[in-house]
Amino acid sequence: MTIEIHEDATALARALAARVCEAVDDRPNLVLGLPTGRTPLAFYEQMRRRSQERPSDWSAVRTFNLDEFVGVAPGAPGSYRSYMQRELFAHVNVRPDHIGFLNGAASDLDAECERYERAIADAGGMDLILLGIGGNGHIGFNEPGRTLAARTHRARLEPSTRASNRALFGDSLDRVPVDGLSMGMATILQARRVVLIATGATKAAAVRRMLGGSITTEFPASFLLVHPDVTVMLDPAASPR
Ligand code: GLP
């Protein structure tokens, strides 16, 4: 695991955007896993900036997002699909049929999870996946528990996870769905390269525990310790002291 401490959250976002654009330039048919949440917002902002100044060609790139809310249609304002459209997809020339997303409003959610696993495999697996981390150690919607589902699955969201997603639902906790669909930890760990970003003091304890050396389902991010190519990008506030 490589740990990088950047000057601040903006510098981190800029460095990550440069790295992602470089990956796209080097490999035009890159298969890229993408996160949502508040942490990556600064990164998406830098991506938009770059795409105005010196756009990369995304016409052959394929993307797969980590997770989505159950019961929320892709076009609904609170969906992660809408978030991604706003933050990134509308600003690069990615083909709509190259955007992989879980549909939380699918009538058969098990079939939807299987479809997603197959789509990732058919794309040749992910070359690079970007991740955030929940304060409780969650990755995507892989919440702490006695067991973890290896593959894409339906997950019950922890109260803290629902609370941190409140802004997407008009700041009303009651409106945040109780379940999500998420890539599993095995799906994530099959990506050839992983970059995890964490910023702000509220993430310092989670980062410290992730780096602590013990692998446990009670802290899903700890599974990243088994991956051979993980970079953890931090700002000073999120760095373990
Ligand atoms: C959300 C997302 C995760 C994200 C995490 C951290 O619930 N499902 O993929 O990494 O929680 O979010 P934030 O960056 O807002 O702290």
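Picture a 1 Å grid over the protein atoms alone: a cavity is a set of points where a 1.4 Å probe fits but cannot get out, and lining residues have an atom within 4 Å of a point. Points are joined across faces, edges and corners, and the volume is the space filled by probe spheres set on them.

What you're looking at is a predicted model, where local features need pLDDT of at least 70, side-chain atom pairs count only at pLDDT 80 or more, and totals for chains, interfaces and linings use all residues. Residues are numbered from 1 along each chain as its sequence is written, and side-chain values use heavy atoms, with hydrogens and water left out.

Run that probe here and you get one cavity of 30 Å³ or more. The largest cavity comes out at about 40 Å³. Its walls are C21, M47, R50, S51, R54, P55, S56, W58 and V92. Helix α2 (residues 41-53) chips in three residues, the largest share of that lining; helices here are DSSP runs of H or I, at least four residues, and strands are E runs of at least two, numbered from the N terminus.

Now hop over to helix α3 (residues 80-87), home of Y83. With 3% relative accessibility, Y83 counts as buried (under 20% relative accessible area, 1.4 Å probe, protein chains only). Leaving out residues up to four places away in sequence, Y83 touches P35, T36, G37, P40, L41, Y44 and L168, a contact being heavy atoms within 4.5 Å.

The rest of α3 is mostly covered too, with six of its eight residues buried. Among the elements covering those buried residues are β2 (31-34), α2 and β3 (62-65).

Note on methods:
1 Å grid on protein atoms, 1.4 Å probe; cavity = no way out; pocket = protein on both sides within 12 Å on 5 of 7 lines; lining within 4 Å. Buried < 20%, exposed > 50% of the residue type's maximum accessible area, 1.4 Å probe, protein only.
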